Amino acid sequence: MAMHIPKAPGFSSMLKEGARAYHGLEEAVFRNITACKEFAASVRSAYGPNGMNKMIINHIEKQFVTSDAGTIMRELDVEHPAAKLMIMASQMQESEVGDGTNFVVILCGALLEAAEELLRLGVNVTDICEGYERALDKVLDILPSFVCYEVDDCRNLEKVKEGIKASIMSKQFGNEDILVDLITKACVAILPEQTTFNVDNVRVCKILGCGLTASEVVNGMVFKRFVEGDVAHAEQAKIALYTCPVDVTQTETKGTVLIKTAEELKNFSKGEENLLEEQIKAIAETGTKVIVAGGKFGDMALHFINKYNMMAVRLNSKFDLRRLAKTVNGTVLPRLTPPTSEELGYCDKVFVDELGETGVVIFRNEGKDSKIATIVIRGSTDNYMDDIERAIDDGVNTFKGLTRNGKFLPGAGAIEISVAQSLSEYADTLPGLEQYAVRKFATALESFPKALAENSGVNATEVVQKLHFAHKSGEKTQGFDINSEQPATIDVKSTSIYDAYPTKYWGIKYAVGAATTILRVDQIIMAKRAGGPKPRDNPQDQDDD
């Protein structure tokens with residue numbers, strides 16, 4: 001009879017074989033803090049205009065070279081539960097504001113690092129969390145007083161450019177003027193009068209070749225494909241849109257046709273041709289110049305489309321078809337029937353162009369009432385254009401935030417130093433142990449100008465010292481001068497480096513929420529992993545393949 005070995009006493013004795021449990025400060029809290037600190041340190045080096053790139057190869061072996069924290073976190077398959085909480089906070093920031101994902105992770109990591117020092121000194125977790133929450137309330141209370149720039153009119157191109165310049169600069173330092181011009185033109189062109197601005201209405205089309213300076217904004221849509229027929233240009237065109245193939249219609253039920261003579265065979269095939277010609281003739285008689293279909297164009301159908309001098313465009317994506325319908329203000333029809341005047345779309349120009357070696361079909365609206373704008377990006381490599389697209393996405397999201405709330409705070413680390421000084425003064429008024437947590441919150445905010453300085457190769461301590469001195473003297477808009485080789489400050493108003501108010505507001509809120517949640521975890525219980533085939537061990541080194 002096999003000898004029964006009793007389980008070790010304690011919580012783990014209640015769990016299944018293979019389950020793990022960690023509890024207490026050393027095992028749970030410090031373990032979580034260490035994981036979050038390491039994760040925050042890895043994205044901290046990607047912060048700011050001089051941030052380093054990360055090369056990531058995801059689970060399907062697609063390669064990314066980027067400094068965008070949102071992409072880094074999306075493509076990394078992080079397993080640690082505490083680090084996952086940080087990532088979830090940054091994802092909430094991305095869905096709320098569309099920018100500032102790195103800000104959330106760095107602040108959360110800095111708050112946890114500061115909390116670790118207090119815990120080792122014997123301060124209770126509850127006191128630290130209460131101190132952080134008090135500091136958060138104070139920050140949200142004083143943040144509006146630091147607003148230094150406001151955009152009242154979202155159609156004023158110059159004011160909008162100044163507002164979104166810094167968000168582009170942090171991703172594409174050196175190319176910000178070109179990109180800001182493109183984004184502003186695209187966003188203002190499609191800004192609706194009543195309804196809210198939709199980010200999805202600014203499309204991006206990436207075409208290899210030439211350089212970024214050759215990029216342009218098209219009021220309408222651009223598709224990377226050629227036309228199906230012979231006609232390649234149409235002006236003041238009425239457009240018919242179909243989800244079905246443009247071909248001989250298939251019957252819904254199967255049937256058998258008995259043909260006895262050659263004459264009957266000729267009449268049968270001629271009848272099919274006549275039916276198809278009548279359908280396309282009826283479409284042409286409505287004034288249609290362009291037929292766009294989601295399915296294939298049959299050879300016979302193309303013959304008749306060319307005969308009636310119409311242009312044929314095929315779009316494989318149903319989403320592209322819907323967007324085009326929105327652009328041309330038409331209705332997508334499910335069957336090949338002649339469209340009514342209400343169902344027809346309209347476009348000023350539909351033509352084929354060739355950019356580099358890539359053929360494109362352009363639907364361009366010359367008027368100001370365009371509903372969708374496309375930014376055509378030119379670049380030498382796919383990776384480079386992907387990074388440009390991410391910068392454009394951030395810029396468009398900043399514009400969306402600007403339409404809701406046009407307030408801006410001083411950037412380049414200025415707002416963090418101002419808030420840190422106010423918090424240090426506030427901490428002196430608190431009687432309990434929370435004051436230590438509030439002071440640590442102020443120290444955590446200093447990690448942003450430090451990160452900007454370190455990534456630029458400048459002494460971070462000297463930069464923070466100079467910023468504190470400038471702000472103590474009443475110059476609240478002094479930020480870190482990124483172009484200087486020595487530790488120096490600059491008035492951010494003169495260089496238009498502003499941070500969007502919603503980005504900081506929500507970023508601080510989410511970071512504190514994530515940090516206090518992680519700190520309040522005193523026990524980690526991990527069930528045994530579900531069964532399944534284990535990954536095959538590769539005995540030889542990958543480099544030897």
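Trainee: Hi! Which element gives the most to the lining of the largest cavity?

Mentor: That would be α12, with 3 residues. Keep in mind that we are looking at a predicted model.

Trainee: Good to know. Which elements give two or more residues to that lining?

Mentor: There are α12, spanning 414–427, and α17, spanning 501–519.

Trainee: And which residues line the largest cavity?

Mentor: The lining is made up of Phe103, Leu143, Ile415, Glu416, Val419, Leu445, Lys504 and Ile508.

Trainee: How much space lies in there?

Mentor: About 50 Å³. A search of the whole structure for cavities of 30 Å³ or more turns up 1.

Trainee: Lys504 caught my eye. Where does the charged end of lysine 504 sit?

Mentor: Over the ring of phenylalanine 448, at 5.8 Å from the ring's centre. So that lysine has a charged end placed over a ring, and Lys504 is also one of the residues lining the largest cavity.

Trainee: Nice. Switching to rings, then: how many aromatic pairs does the structure hold?

Mentor: It holds 8. Take tyrosine 132 and phenylalanine 441, whose ring centres are 6.0 Å apart.

Trainee: Is that pair stacked or edge-to-face?

Mentor: Edge-to-face, because the two planes meet at 75° and the cut-off for that class is over 60 degrees. The pair also links distant parts of the chain: tyrosine 132 belongs to helix α5 (residues 125–142) and phenylalanine 441 to helix α13 (residues 434–445), with their positions 309 residues apart.

Trainee: Is tyrosine 132 buried or exposed?

Mentor: Buried, with a relative accessible area of 0%. Phenylalanine 441 is buried too, at 0% relative accessibility. Buried here means under 20%, so both residues qualify.

Trainee: Which residues form the aromatic cluster?

Mentor: Tyr501, Tyr505, Trp506 and Tyr510 form one cluster.

Trainee: Let's zoom out. How many helices and strands are there?

Mentor: The protein has 17 helices and 18 strands.

Trainee: What share of the residues is buried?

Mentor: Buried residues account for 47% of the 545 in the protein.

Trainee: And what about the surface: how much area does the protein expose?

Mentor: About 27900 Å², with carbon and sulfur atoms supplying 49% of that.

Trainee: One more. Of the contacts between residues at least 6 apart in sequence, what percentage join residues at least 24 apart?

Mentor: That comes to 75%. The tyrosine 132 and phenylalanine 441 pair, 309 residues apart, is a handy one to look at when you think about distant parts of the chain.

Definitions and conventions. Residues are numbered from 1 along each chain as its sequence is written. This is a predicted model: local features need pLDDT of at least 70, side-chain atom pairs count only at pLDDT 80 or more; totals for chains, interfaces and linings use all residues. Side-chain values use heavy atoms; hydrogens and water are left out. Helices (H or I, at least four residues) and strands (E, at least two) are DSSP runs, numbered from the N terminus. Buried means under 20% relative accessible area, exposed over 50%, partly exposed in between (1.4 Å probe, protein chains only). Contact means heavy atoms within 4.5 Å. Accessible areas come from the Shrake-Rupley method with a 1.4 Å probe; for residues, only the protein chains shown count as cover. Rings of Phe, Tyr and Trp (its six-membered ring) pair if their centres lie within 6.5 Å; planes under 30 degrees apart count as stacked, over 60 as edge-to-face and the rest as tilted. A charge sits over a ring if NZ of Lys or CZ of Arg is within 6 Å of the ring centre and within 35 degrees of the ring normal. On a 1 Å grid over the protein atoms alone, a cavity is a set of points where a 1.4 Å probe fits but cannot get out, and a pocket is an open set with protein on both sides within 12 Å along at least five of seven lines; lining residues have an atom within 4 Å of a point. Grid points are joined across faces, edges and corners, and a volume is the space filled by probe spheres set on the points.
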